[in-house]
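Trainee: I have a new model open and would like to talk it through with you. Shall we start?

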Amino acid sequence: MNPFLFVANFKMNPVSPSEIEQYIQVLKRETEGKEWQHTKGVLCPSLLHIAYFHSLPESFFLGAQHGFPEKTGAYTGEVSYAMLKNSGVEYVVIGHSERRQYFGETNETVRIRTESALKFLLKPIVCIGETESELANGRREQVLTEQIASVLKGLSKMQAEKIIFAYEPRFAIGTGITPTTEDLKEVYSLIQRLLVQYLGETTAERVCVLYGGSVKAGNLEEVALSVGMNGVLVGKESLSPYEVVKMMDLAEKYKEEKLAY
Ligand code: PGA
């Protein structure tokens with residue numbers, strides 16, 4: 001069984017180094033003595049703050065929100081996946097809807113980045129999901145099919161199984177509104193169907209699928225755990241280390257109870 005992956009996306013927060021230091025201190029204190037068996041945390045601070053996270057509590061790994069696919073070169077302002085890997089980063093978020101919306105990322109740039117991230121031994125967390133108007137026009141299935149097919153194009157099964165997909169419908173990001181459990185179950189099985197179609201059953205089973213968009217402790221069960229999602233991608237609520245620990249505890253307890261059956 002894949003562990004439940006809790007991915008914290010800090011976005012462009014916080015603004016001062018002292019807040020970051022305090023975050024880490026609280027996280028270390030709150031996780032002391034905890035031994036999660038079925039839950040793993042991935043913290044994705046801003047690129048500037050990555051160096052602060054060199055020593056993390058057990059069960060936590062370092063992720064980045066962004067990176068550049070070329071290894072080195074004349075790309076002013078960019079940070080490469082190779083640099084990230086060499087700085088202790090293990091996961092990288094690719095194709096977040098904010099990057100698609102504000103920074104011109106497309107299915108094609110997401111494909112190139114995913115391929116490069118895999119080459120530099122990073123685990124890509126590839127965001128997929130429809131916009132409000134695509135949802136309103138009944139295009140969800142088509143959008144998800146195109147996004148998934150494009151990312152997997154040209155990858156071997158061994159590469160593909162390392163990808164983590166994060167389903168994030170645009171209307172749910174930062175709004176406090178989430179899809180219903182029933183709706184998410186439908187999306188989850190659509191994604192599974194597509195993965196089986198492109199990769200075959202054995203590989204498809206190994207691919208993790210996360211849910212993201214207004215996740216909090218109060219809805220973790222209905223949007224992720226009871227849906228069968230392999231984890232969550234959390235923005236706003238991950239800015240509190242207390243909430244991170246609370247949600248990871250909830251996931252751990254849920255998984256333990258499941259296994260006890
Ligand atoms: P949110 O963000 O949890 O603040 O809705 C999620 C995301 O953008 O990944």
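Trainee: Where is the place of Pro-14 in the chain?

Mentor: Happy to help! This is a predicted model, in which local features need pLDDT of at least 70, side-chain atom pairs count only at pLDDT 80 or more, and totals for chains, interfaces and linings use all residues. Residues are numbered from 1 along each chain as its sequence is written, and side-chain values use heavy atoms, with hydrogens and water left out. Helices (H or I, at least four residues) and strands (E, at least two) are DSSP runs numbered from the N terminus. With those, Pro-14 falls in the loop between strand 1 (4-9) and helix 1 (17-31).

Trainee: Is the peptide bond from Asn-13 to Pro-14 cis or trans?

Mentor: Most peptide bonds are trans. Here omega is near -20 degrees, so to speak of the bond from Asn-13 to Pro-14 is to speak of one that is cis.Trainee: Which oxygen contact does the ligand have with the side chain of Glu-168, and at what distance?

Mentor: A polar contact is a pair of N or O atoms within 3.5 Å; within protein, one must be able to donate a hydrogen and the other to accept it, and residues adjacent in sequence count only if both atoms are side-chain atoms. A polar backbone atom of Ser-214 is 2.8 Å from a ligand oxygen, and a backbone N or O atom of Lys-236 is 2.9 Å from one. For Glu-168, a side-chain N or O atom and an oxygen of the ligand are separated by 2.7 Å.

Trainee: How many helices and strands are in the chain?

Mentor: The C-alpha atoms fill a box of roughly 55 × 45 × 35 Å along the principal axes. Within the chain there are 11 helices and eight strands.

Trainee: What is the phi of Ser-59?

Mentor: Ser-59 sits in the loop between strand 2 (39-44) and strand 3 (60-64). Its phi is positive, in a residue other than glycine, with a value near 75 degrees.
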